[in-house]
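Me: I've got this model open and want to know what stands behind the labels people put on it. Can you take me through them one at a time?

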Amino acid sequence: MVALFVSDDMETGEQRDSLSVMNLDSEMQQLVATMRNKLLVVKLGGSTLESERVVLQDIIWLRDCGVKVVLVHGGGASINEWLLKCNVPVRFEDGLRVTDALTLSVVRMVLCGQVNQELVALTEQLGGRAVGLSGMDDHMIHARVADERLGFVGAVDAVDASLLERICAAGYIPIIAPLGLDDHGQCLNINADVAASHIASALKADRLIFLSNVCGICQPDGEVIPRLNGQMAQALIAEGVISGGMLPKVAACLQALQAVPCVHIVDGRMDHVLLHEILDGPAIGTQFTR
Ligand SMILES: Nc1ncnc2c1ncn2[C@@H]1O[C@H](COP(=O)(O)OP(=O)(O)O)[C@@H](O)[C@H]1O
Ligand SMILES: CC(=O)N[C@@H](CCC(=O)OP(=O)(O)O)C(=O)O
């Protein structure tokens, strides 16, 4: 088990945090070395944004060890808050937001103007080098209307990962808001789990980790299901055990598994869950299997 502590920079008196990894024995060092140049895609859910500081510290630490990390974020909870403030109704169908033109404006403002910029600013403050962008940049995420009844919601047709590859190769951490463009240049709202899955697949990532506000996928009695394949997932969906926001997440995990060898949902509220996941192995949460 790795022991971690976070401290302020006492020498300079700066507010900048630094992360130290203590007791990193030779076995751990070897593990970190095997991860060098590997590519990790992390999806940070809107319901876990309170843990963003620790998640970003872990990402910066991994990046400093030579691991390429791409961060895709959600922001569903903040979007809901802003819609309510603006008296716009909040409506979901099978975990996807029904997005009319007014809702889309709020989605864009919250995802790009608020969540993305805050994550970039905090990464920089913590000593990392971040580039904030959305799936619209350089036509990264090419999408089409998923279902007319949902309005401006995108289903992903293709991801051009070349910009991300260049950003990663230059040592930056790309931080991506889940928006895409259709053939006509129309912006579409894309579920962040779906965006992360397609981005990880296009990048042929070594790992895709979803940080959520649950311990993993749970049985009705709350017990975490440690391993899940497509058939088991279908049965749990039919029984109503998997519902709401977990529906697109599970579909995204199964889709990613076709290109990404390790896909995992873990509890983003746990302290330094990302480092534990990488250094101790996928022990907690739900791992997807073919
Ligand atoms: N079987 C299940 N196990 C765990 N969570 C579930 C399950 N079915 C539905 N959920 C719901 O899915 C939510 C996670 O999805 P979502 O709210 O979209 O999170 P995120 O912001 O991480 O994307 C959980 O908070 C929970 O309410
Ligand atoms: C189409 C759709 O549902 N888009 C999502 C995009 C943000 C998101 O997915 O945020 P979380 O990861 O926090 O759920 C939405 O509007 O809420």
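Me: What makes the sheet an open one, and in what order do the strands run?

Reply: Bear in mind that this is a predicted model. Eight strands line up as E7-E10-E4-E3-E13-E15-E16-E14, with mixed pairing. Strand E7 (130–134) and strand E14 (227–228) are the edges: each has a single partner strand, so one side of each has no neighbour in the sheet.

Me: How do you know that E3 and E13 count as paired?

Reply: Two strands pair if there are at least two bridges between them. Strand E3 (residues 39–44) and E13 share five bridges, in the parallel sense, so by that cut-off they are a pair. One of the residue matches is Leu40, whose bridge partner in E13 is Arg207.

Me: Now ligand 2. What makes Arg97 a polar contact of ligand 2?

Reply: The cut-off for a pair of N or O atoms is 3.5 Å. A polar side-chain atom of Arg97 is 2.7 Å from an oxygen atom of ligand 2, so the pair qualifies. Backbone atoms get in on it too: a polar one of Gly75 is 3.1 Å from a ligand 2 oxygen, and a polar one of Gly76 is 3.0 Å from a ligand 2 oxygen. As for cover, the protein buries 91% of the 430 Å² that ligand 2 exposes when taken alone.

Me: Which residues come nearest to ligand 2, and which elements feed its shell?

Reply: There are 14 residues around ligand 2, with Lys43, Gly46, Arg97, Asn189 and Ala192 nearest. Helix H3 (76–85) and strand E6 (96–97) each give at least two residues to that shell.

Me: Why is Gly counted as polar in a shell like that?

Reply: It's a matter of convention: Gly goes with the polar group because that group takes whatever is not listed as nonpolar or charged. On that scheme the shell around ligand 2 splits into five nonpolar, seven polar and two charged residues.

Me: And ligand 1: how do you know that Lys43 makes a polar contact with ligand 1?

Reply: Same kind of check. A polar side-chain atom of Lys43 is 2.9 Å from an oxygen atom of ligand 1, and that falls within 3.5 Å, so the pair counts. Asn213 also puts a polar side-chain atom 2.9 Å from an oxygen of ligand 1, while a backbone N or O atom of Ser243 is 3.2 Å from one of the nitrogen atoms of ligand 1. On its own ligand 1 has 570 Å² of accessible area, and the protein covers 74% of that.

Me: What makes up the shell around ligand 1?

Reply: Seven nonpolar, eight polar and three charged residues. Strand E13 (207–212) and helix H8 (246–256) each supply at least two of the shell residues.

Technical notes
Residues numbered from 1 in each chain as written. Chains lettered and ligands numbered in written order. Predicted model: local features only at pLDDT ≥ 70, side-chain atom pairs only at ≥ 80, totals over all residues. Heavy atoms only, no water. Near = heavy atom within 4 Å. Polar contact = N/O pair within 3.5 Å; in protein donor to acceptor, adjacent residues only side chain to side chain. Areas by Shrake-Rupley, 256 points an atom, 1.4 Å probe, with all protein chains shown as cover. Helix = DSSP H or I, 4+ residues; strand = E, 2+ residues; numbered from the N terminus.
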